[in-house]
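Subject: Structure handover and notes

Dear colleague,

I am handing over the structure we spoke about, so that you can open it alongside these notes. Please look through it first and then read on.

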Amino acid sequence: MTKPAEHTSTAAATAKRGVSSEEYTLTELVEIQRAAFLRDGIPDADTRIDRITRLSALLLDHADEIAEALAADFGTRPRELSLAADVAGCMIDLTHQRRGVKEWMQETKYAKIQGLLGYKQSVRHDPLGVVGIMGPWNFPLQLTFVPAGSAFAAGNRVLMRPSSITARTTDVIAKHAPDYFSIEELAVVTSKHGSGSDFAKLKVDHMFFTGSPDVGASVAQEAAKNLIPVTLELGGKNPAVVDIDADIDKAATMLADARMVNGGQVCLCPDYVFVPESKLGQFTDKVIARWTEMFPTILDNDQYTSTINQKNYERIVDLIEDAEQLGATKRQVIPGGEPLPNAERRKIPPTLLTGVKAGMKIEEDEVFGPVLTVYPYREITEVISHITSHPHPLTMYWCGDRNDRFEKLADNTRSGSINGNDFAIHLFSGDLPFGGVGRSGMGGYHGKTGFETFSHARAVAFSTLPMTVADLMSPPFLPKDTKMTDNQLKLWKFFNNRAMKKVRKRLGA
C-alpha cells in the first residue's frame, strides 16, 4: 500500500489517525467533528485539496480489495465493472473538485446596486459544518465518495454511511479510512453504529441520501424534525425514446447494453423504450440478438451481475410473472437450457416485455433489474402523454438527432437529465449537475453544483452612505416622506407599464 502523505493542516496537529470510528457512538462522532470544525475554522484551499486527494487515495490504494468485496457482496459482479464504476468512476468528479475549489470558494463581488455609490455587496461561500452522507448498495462507494468530495471541497467534515447491504465493501473502507483521515475529518459509519434510520436522525448540518424514493421520503421526514436540509438522489422509471429517423439497430444495441449495466441495477438504466410502431419488430429482434451475443452463458458467468439479494430477486421475478399473466409477451435469453431464473444464484435472464398495459405492476414500479419494456408509438405526443402521466424520472434517453421532435419532448416533459444516443454520458463531465426532480430527487451535486450544495451562500452588504435605511423606515414619517414614497410608486408603475406594453406587443396581444 502506498503510504498516505502526512496531513499538514491545523487539525492534524491535534487529531491522530489510526482511530476507528467504531470506538464512538453516532452522536459522539457528530460532536467530535463539530468541535473540530469550530476549533479550526474555515479550511483553506490547500487543506480542502489535501482531503480530496486522500479520499481518492483511499480508493485507489485498495482497488483490488474493493473489487473482491463487491463481488462477494453481490454474488457475482465483474471486476472491471467494480473498478470502473466504484473506483475510477469517482476520479472524474474528485479531480474536478480538486481543480475548481480555489476559484469556487472565493468571495463573489457584485457591482454597486443600481449605480448607487457608497454601497458594496458580495457573497461568501461558507461551509455548513458537518455533513452526513448515506449511500446505496448498487454503487456503494461511487455514490458516497463523490458527494464526500463535494463536501470536502466546500470545507465540511463528513460522516459517511455506505450501505449495510454491501457490508463487506463497507468493512474494507471502514478498516482503511483511519490510515488516511482522523475521525474529525471523515468518519465511516457501519451497521455497528445502528440502522440507516438512526443515521437519518443525526443533528448534522446537511443530510445527503441516495436510494429509493420511499426510503428517501423517510430520511427527509427524520431530517425535517431537526430542520436539517436534505439532498435526495432517488430513482425512477427512466424512459427512452427512439426517433422515427434513428438508426434502429444502433439504438437497440445501445439500449440493450445500457439495460444490463450492473445487471440493470442502476438508477440511470433505461426502464422502458418507445419505438416507432413500424420498427417495433426490428428493434426487439436486435435487442434479443445483442443479449444473446453478450451472454453465451449466464448461470456460471462471473461477468453476469447477480441480483443483490433474495428480496430484490423475488420482487423482479414477480414483476415479470404478473405482466405475463395479465397479457404481456415475454422474450428471454436463456443460454443452452440453463435453469433460469435461478433463485440460488439470484440470476434473472435478460427479459424483454411487450404488450405491457396499465394495471400491470411493472407499468408503475421501477424494475432495477435485467428487464426492458418496449412500447410502440406513432406520434411523439403519445410518448409525451405517457411520460407526463407518471412521476418525473431521473433521466431520459433520446436516440436520434437533436431535431424538432426532440425539442418538443424536452419542452413538454420533466426529468433530472437528458442523454442522447448513449448511456449516462452526463456523468462524464465535471461541469454538469447530477440530480432528480420531483419523485426522482431534490437538489444536485457533481462539479460546482456539488460545491454549492454543501456551501451556504452568505450575503455581505456594506454601506458608507450618509443616510441609513433604518432611519428612512422608522417613525416619525413626515409629509416629505409620504411624498417620496408616492413618487417612488409612480416611478415603479411607469417602468412596469412600459415593460408590460413591450411584452404584449411581442405576444401580439
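What follows is a description that goes from the whole chain to single residues.

Please keep in mind throughout that this is a predicted model.

The overall picture

The protein folds into 17 helices and 16 strands, and its C-alpha atoms fill a box of roughly 90 × 70 × 35 Å when the box is taken along the principal axes. Of the 509 residues, 51% are buried, while the protein exposes about 24200 Å², of which carbon and sulfur atoms supply 54%. If one takes the contacts between residues at least 6 apart in sequence, 76% of them join residues that are at least 24 apart. As for charge, there are 58 positive and 63 negative side chains, and the centres of these two sets lie 9 Å apart.

A run of parallel strands

I would begin with strand S9, which covers residues 270–276 and has 7 of its 7 residues buried. On one side, S9 pairs with strand S8 (residues 238–242), the two running parallel and being joined by 4 bridges; within this pairing, Asn238 stands opposite Pro270 of S9. The connection between these strands can also be described, since S8, helix H10 (residues 248–259) and S9 together make a β-α-β unit that is right-handed.

S9 also pairs with strand S12 (residues 371–377), again in the parallel sense and over 5 bridges, and here Tyr272 has Thr373 of S12 as its bridge partner. S12 is itself mostly covered, with 6 of its 7 residues buried. Strand S11 (residues 351–354) in turn runs parallel to S12 and is joined to it by 4 bridges, with Leu352 standing opposite Leu372 of S12.

A covered helix

Which parts of the protein cover the buried residues of helix H7? This helix spans residues 167–176, and its buried residues are Thr169, Thr170, Val172, Ile173, Ala174 and His176. Their cover includes helix H3 (45–60), helix H4 (63–74) and helix H6 (142–153), and strand S5 (186–188) is also among the elements that contribute.

Backbone details in the loops

Two peptide bonds are worth checking by eye in your viewer. The bond that joins Leu340 and Pro341 is cis, with an omega of about -5°, and Pro341 is placed in the loop between strand S10 (329–332) and S11. The bond from Pro475 to Pro476 is likewise cis, its omega being near 0°, and Pro476 sits in the loop between helix H16 (469–472) and helix H17 (479–507).

Two residues other than glycine have a positive phi. For Arg346 the value is near 55°, and this residue belongs to the loop between S10 and S11, the loop that also holds Pro341. Is Arg346 buried or exposed? Its relative accessible area is 17%, and because buried means under 20%, Arg346 counts as buried. For Phe368, phi is about 55°, and its place is in the loop between S11 and S12. Phe368 is also buried, at 15% relative accessibility.

A buried asparagine

The last residue I would point out is Asn156, which lies in the loop between H6 and strand S4 (157–161). Although it is a loop residue, Asn156 has 0% relative accessibility and therefore counts as buried. What does Asn156 touch, if residues up to four places away in sequence are not counted? The answer is Arg51, Pro127, Leu128, Gly129, Val131, Ala151 and Phe454. In addition, Asn156 and Glu185 are 29 residues apart in sequence, while their C-alpha atoms are 8.1 Å apart in space.

If you would like a place to start, S9 with its parallel partners S8 and S12 can be displayed together, and the loop between S10 and S11 can then be added for Pro341 and Arg346.

With best wishes

Methods:
Residues are numbered from 1 along each chain as its sequence is written. This is a predicted model: local features need pLDDT of at least 70, side-chain atom pairs count only at pLDDT 80 or more; totals for chains, interfaces and linings use all residues. Side-chain values use heavy atoms; hydrogens and water are left out. Buried means under 20% relative accessible area, exposed over 50%, partly exposed in between (1.4 Å probe, protein chains only). Contact means heavy atoms within 4.5 Å. Accessible areas come from the Shrake-Rupley method with a 1.4 Å probe; for residues, only the protein chains shown count as cover. Lys and Arg count as positive and Asp and Glu as negative; His and the chain ends are not counted. The place of a charge is taken as NZ of Lys, CZ of Arg, CG of Asp or CD of Glu. Two strands pair if DSSP finds at least two bridges between them. A crossover is right-handed if, with the strands pointing away from the viewer, the path from the first strand over the helix to the second runs clockwise.
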